[in-house]
Each structure stands twice: as C-alpha cells, then as structure tokens.
Amino acid sequence: MKVAVAFDHRGVKLREAVLEATQQAGCDTIDLGVEDASVRVDYPDQAWSVAEQIRSAHAERGILVCGSGVGACVAASKLPGIRAAICHDAYSAHQGVEHDDMNVLCLGSEIVGESLARELVQSFLGARFNESDPRYAARLQKVEQMARDAARETA
C-alpha cells in the first residue's frame, strides 16, 4: 500500500515515529514533508498535498499530523473523496477504516506521544473496509451522496 504522509511545523514532532510505523507496516511512503520545525508550513497546504496524492491514485491512504490533529482533519475533510478522522485510540483508527472507509488518519503531536502514534498508524494501515457488510456500504453511499448534493448546492 502507498501512503502519503505530511506534517506541518508543529506535527513534525511525530515525524520519525509515523515514518517508522508506516515502514514497519510494509507500506511505501510518499513523504510530503516537513522535515523540521524551522520551516513554517500550514496544515491546509499539507492536507491539500495528501489529498492530491489520494485523488490521483498515487496513494491509497494518507496521514496528516499537526499540533492538535483538528485543523488537519477539518481541512482534509473539505476535499472531495477524502474521509479524514482524528484518532487518539487504536479502536477508532481501525474501526474508521473498517466501517467508514476512512482514508486519512489525522494525529495531533501535542495530544499523542510517539508510542501511541506508532500504534495508531499501524491500526489504521492494518485495517480494511468491510465492504461485504451491506450496512457499511450503504452508509458510505449515503455519505458520498451528501457530498455530491452539497457540491451541487454550492455550484
């Protein structure tokens, strides 16, 4: 699996832990930076970069890290085809994929430590959408229809 990974200047605290976890999960990582906190990069820009990798099929999933995880999640969720969620526990990290086809994991470097970040990334990357359960497929279709309807309203 190819995973696009990006950090803003505050999220870089978890950079090594996240990259290590993606490697341990056997994934090919598309590293979109940043490499150190001295470079100010805003989370909406990083969300756009990750989303573009997914939308262009260069990556199947993404991981975004900012200070709280909230801003990255809000920004990513605005983009078509992106189902982002902030997770602070392993259950949400895998259940979000299994039930909701979450494709972007958002983490807060000020909220979770390196050990938990590794666990969350591995739970997220190890999970698969349960498309054989009609409940989950129907719910995902409803979410996608909501996005299409909202796009028509704003056009």
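Colleague: Which residues lie nearest the centre of the largest pocket?
Modeller: This is a predicted model. The largest pocket has a volume of about 500 Å³. Its lining holds 22 residues. Those nearest the centre are Gly81, Ile82, Arg83, Val143 and Ala147.

Colleague: Which element gives the most to the lining of the largest pocket?
Modeller: Strand 4 (84–86), helix 4 and helix 6 (134–154) each supply at least two residues of that lining. One of them gives the most, with nine residues. That element is helix 6.

Colleague: Stay with helix 6. Is Arg152 buried or exposed?
Modeller: Arg152 is found in helix 6. Its relative accessibility is 55%. The cut-off for exposed is over 50%. Therefore Arg152 counts as exposed.

Colleague: What distance separates the C-alpha atoms of Arg152 and Glu119?
Modeller: Along the chain, Arg152 and Glu119 are 33 residues apart. In space, their C-alpha atoms are separated by 39 Å.

Colleague: On to helix 4. Against which elements do its buried residues pack?
Modeller: Helix 4 covers residues 90–100. Its buried residues are Ala90, Ala93, Gln95, Gly96 and Val97. They pack against strand 3 (61–66) and helix 5 (114–126).

Colleague: At the start of helix 4, which backbone nitrogen does a side-chain oxygen of Asp89 reach?
Modeller: The side-chain oxygen of Asp89 comes to within 3.2 Å of its partner. A polar contact needs N or O atoms within 3.5 Å. The partner is the backbone nitrogen of Tyr91.

Colleague: What is the phi of Asp101, which follows helix 4?
Modeller: Asp101 is in the loop between helix 4 and strand 5. At 21% relative accessibility, Asp101 counts as partly exposed. Asp101 is not a glycine, yet its phi is positive. The value is about 55°.

Colleague: Ala57 has a positive phi too. Is Ala57 buried or exposed?
Modeller: Ala57 sits in the loop between helix 2 and strand 3. Its phi is near 65°. Its relative accessibility is 66%, so Ala57 counts as exposed.

Colleague: Why does Ser109 count as buried?
Modeller: Ser109 is found in the loop between strand 5 (104–108) and helix 5. Buried means under 20% relative accessible area. Ser109 counts as buried because its relative accessibility is 9%.

Colleague: Which backbone oxygen lies 2.8 Å from a polar side-chain atom of Ser109?
Modeller: Leave aside neighbours within four places in sequence. Ser109 is then in contact with Arg10, Gly11, Lys13, Leu14, Val65, Cys66 and Gly67. The backbone oxygen at 2.8 Å belongs to Arg10.

Colleague: How far apart in space are Ser109 and Gly11, C-alpha to C-alpha?
Modeller: In sequence, Ser109 and Gly11 are 98 residues apart. Gly11 is among the residues in contact with Ser109. Their C-alpha distance is 5.1 Å.

Colleague: Which backbone oxygen lies 3.0 Å from a polar side-chain atom of His9?
Modeller: His9 lies in the loop between strand 1 (2–7) and helix 1 (15–24). At 18% relative accessibility, His9 counts as buried. Leaving aside neighbours within four places in sequence, its contacts are Val34, Ala37, Val39, Arg40, Val41 and Asp42. The backbone oxygen in question is that of Val41.

Colleague: Val34 is one of those contacts. Which residue does a cis peptide bond join to Val34?
Modeller: Val34 has its place in the loop between strand 2 (28–31) and helix 2 (43–55). The cis bond has an omega of about 0°. The residue joined to Val34 is Gly33.

Colleague: What separates the C-alpha atoms of Trp48 and Ala6?
Modeller: Trp48 is in helix 2. Its relative accessible area is 48%, so Trp48 is partly exposed. Trp48 and Ala6 are 42 residues apart along the chain. Their C-alpha separation is 9.9 Å.

Colleague: How many aromatic pairs are there?
Modeller: Ring centres must lie within 6.5 Å to pair. By this rule the count is zero.

Colleague: Over which ring does the charged end of Arg61 sit?
Modeller: The cut-off from the charge to the ring centre is within 6 Å. The charged end of Arg61 is 5.2 Å from the centre. The ring is that of Phe124.

Methods
Residues numbered from 1 in each chain as written. Predicted model: local features only at pLDDT ≥ 70, side-chain atom pairs only at ≥ 80, totals over all residues. Heavy atoms only, no water. Phe/Tyr/Trp six-rings, centres within 6.5 Å; stacked < 30°, edge-to-face > 60°. Lys NZ or Arg CZ within 6 Å of the ring centre and 35° of its normal. Buried < 20%, exposed > 50% of the residue type's maximum accessible area, 1.4 Å probe, protein only. Helix = DSSP H or I, 4+ residues; strand = E, 2+ residues; numbered from the N terminus. Contact = heavy atoms within 4.5 Å. Polar contact = N/O pair within 3.5 Å; in protein donor to acceptor, adjacent residues only side chain to side chain. 1 Å grid on protein atoms, 1.4 Å probe; cavity = no way out; pocket = protein on both sides within 12 Å on 5 of 7 lines; lining within 4 Å. Points joined across faces, edges and corners; volume = space filled by probe spheres on them.
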